[in-house]
Amino acid sequence: MISPCWLSALTFLLLLDLTFARQIALLIIDVQNCFLPGGSLAVAEGDKVIPVINNIRSEYKADISLVALSQDWHCSDHISFASQHKGAGPVIQLLYDKSGSLCDENNNCTEVAYNLTQHLWPDHCVINTSSANFSLSLTQEPSDIVIRKGYNCKVDSYSAFYDNGGFRYTELHDKLQEAGIEAIIITGLARDYCVYYTAMDAKQLGYETYVVLDATRPVTKATGDSAVADMKIKGIHIIESPDVATVIAQLTSDAIHLQSPFIIMISMILCFIKCVVCM
C-alpha cells in the first residue's frame, strides 16, 4: 500500500510535469468594421477571415491559453488621416524629438531624433464610433483581452505591441508574459500592415510566431506578398488554417520532449527530498 507521504510526492511530481506545458495565444488583429466591406478603409475580402478565425477558436479552444484582440482606436484628427494633410501625397515624413513628441508648430524641436515614413489613410476606426467596433460576426468571449492601439493622436500604431516609432508599448507583451505564453498564432487585418508589424515584433520579443495566411487579407497583393516574404526571412512561420492542428501537436510534442530526461530527473530528486522530509 502506498503511504500518504509517497502518494503526496507522486502527486507533486505529476503537477510539476504539468507546469512545463507550453502556452499558446491566439492574436486577432483589427477585425473591425472600418476594415471590412463597407468600411472607410475596407480590405478586400476582409470579412472572409472571420469564419476562419472563429473556426480556429472553436476547434482548438482547449489548446489556446489566451485570446487577445487588437483594436485600432484613433482620435478624429489622427496624424495618419489624409484629411489632416490637405494637398499632401499618399506618403509623408514625420519628425519626432528624442522623447517621441511630434515636431510641429507646437514643438519646435531643437534636435530631430526620429524620421518616420507615414502612409496617409482615410479616416477610420475613430474612438467610440461604430466604425471602430469589432464585427458582430466575430466570436468573442468574456475572457478575451482587448488591446487598443493608435490612440496617441500624433503617432500611428500598426503593431499590437508598439507604436510605429517604438516610443511607447501596449500592455500586450506584459499580458502574454503573465500568462506564460511562448507561442503566438496571429490572424486578422491587414496582412501587409498591422498583422505584419505585430508578427515582426512578436518574433523580436522571443515568441514562436505563426501567421495563418488564410485568416488574413492584404491591402494590396504586392505589399501583401512582400510582407509574407519578409516574415519568412525573419523566421516567422507562415501557415494555412488546416496546418494549425499540426502546429499545436508539434508544440505539445516539444513540451513533452522538454520534460525528459533532465526535467524528470530534477522532479524525481525533488520528490525524494519531499519524502525524506515527510518521514
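Buried means under 20% relative accessible area, exposed means over 50%, and partly exposed lies in between. The exercises below use this scale on a predicted model.

**Exercise 1. Classify Cys 103 and Cys 109, then describe the bond between them.**

Step 1. Cys 103 has a relative accessible area of 21%, so Cys 103 is partly exposed.
Step 2. Cys 109 has a relative accessible area of 22%, so Cys 109 is partly exposed too.
Step 3. A disulfide joins the two, with an S to S distance of 1.9 Å.
Step 4. The torsion about this S-S bond is about -105°; therefore the disulfide is left-handed.

**Exercise 2. Find which parts of the chain the disulfide of Cys 34 and Cys 125 links.**

Step 1. The sulfur atoms of Cys 34 and Cys 125 are 1.8 Å apart, and the two form a disulfide.
Step 2. Cys 34 sits in the loop between β1 and α2. Cys 125 sits in the loop between β4 (114-119) and β5.
Step 3. The two cysteines are 91 residues apart, and the pair links distant parts of the chain.
Step 4. Check burial. Cys 34 is at 1% relative accessibility, so Cys 34 counts as buried. Cys 125 has a relative accessible area of 0% and is buried.

**Exercise 3. Do the same for Cys 75 and Cys 153.**

Step 1. A disulfide joins Cys 75 to Cys 153, S to S 2.2 Å.
Step 2. Cys 75 lies in the loop between β2 and β3 (91-96), and Cys 153 in the loop between β5 and α3 (172-178). The pair therefore ties together parts 78 residues apart in sequence.
Step 3. Cys 75, at a relative accessible area of 11%, is buried. Cys 153, at 27% relative accessibility, counts as partly exposed.

**Exercise 4. State how many disulfides the structure holds, and explain why Cys 194 has no bond to Cys 125.**

Step 1. The structure holds three disulfides.
Step 2. Count the bonded cysteines along the chain: the pattern is 1-5, 2-6, 3-4.
Step 3. Turn to Cys 194. The closest cysteine sulfur is in Cys 125, and it is 8.8 Å from the sulfur of Cys 194. A disulfide needs sulfur atoms within 2.5 Å. The distance is therefore too far for a bond.
Step 4. Cys 194 has a relative accessible area of 7%, so Cys 194 is buried.

**Exercise 5. Lay out the sheet and the helices on it.**

Step 1. Six strands form an open sheet, in the order β5-β2-β1-β6-β7-β8, with parallel pairing.
Step 2. Find the edges. They are β5 (145-149) and β8 (237-239), and each pairs on one side only.
Step 3. Neighbouring strands of this sheet are turned by 25° against each other on average, direction ignored.
Step 4. Look at one pair. Strand β1 (residues 23-29) and β2 pair in the parallel sense over five bridges. Ile 28 stands opposite Leu 69 in β2.
Step 5. Add the helices. Helix α2 (residues 49-59) lies across β1, β2, β6 (181-189) and β7 (208-217), and runs at about 140° to β7. Helix α4 (residues 194-204) packs on the sheet and touches β1, β5, β6 and β7. The direction of α4 makes about 170° with that of β6.

**Exercise 6. Describe the surroundings of Asp 72.**

Step 1. Place the residue: Asp 72 is in strand β2 (residues 66-72).
Step 2. Asp 72 is at 3% relative accessibility, so it counts as buried.
Step 3. The side chain of Asp 72 makes a polar contact with the side chain of His 74, at 3.2 Å.
Step 4. Leave aside neighbours within four places in sequence. Asp 72 is then in contact with residues including Asp 30, Phe 35, His 124, Cys 125 and Lys 149. Cys 125 is the disulfide partner of Cys 34.

How values were computed
Residues are numbered from 1 along each chain as its sequence is written. This is a predicted model: local features need pLDDT of at least 70, side-chain atom pairs count only at pLDDT 80 or more; totals for chains, interfaces and linings use all residues. Side-chain values use heavy atoms; hydrogens and water are left out. Helices (H or I, at least four residues) and strands (E, at least two) are DSSP runs, numbered from the N terminus. Buried means under 20% relative accessible area, exposed over 50%, partly exposed in between (1.4 Å probe, protein chains only). A polar contact is a pair of N or O atoms within 3.5 Å; within protein, one must be able to donate a hydrogen and the other to accept it, and residues adjacent in sequence count only if both atoms are side-chain atoms. Contact means heavy atoms within 4.5 Å. Two strands pair if DSSP finds at least two bridges between them. Axes are lines fitted to C-alpha atoms, for helices over the stretch in contact, and angles run from 0 to 180 degrees between N-to-C directions.
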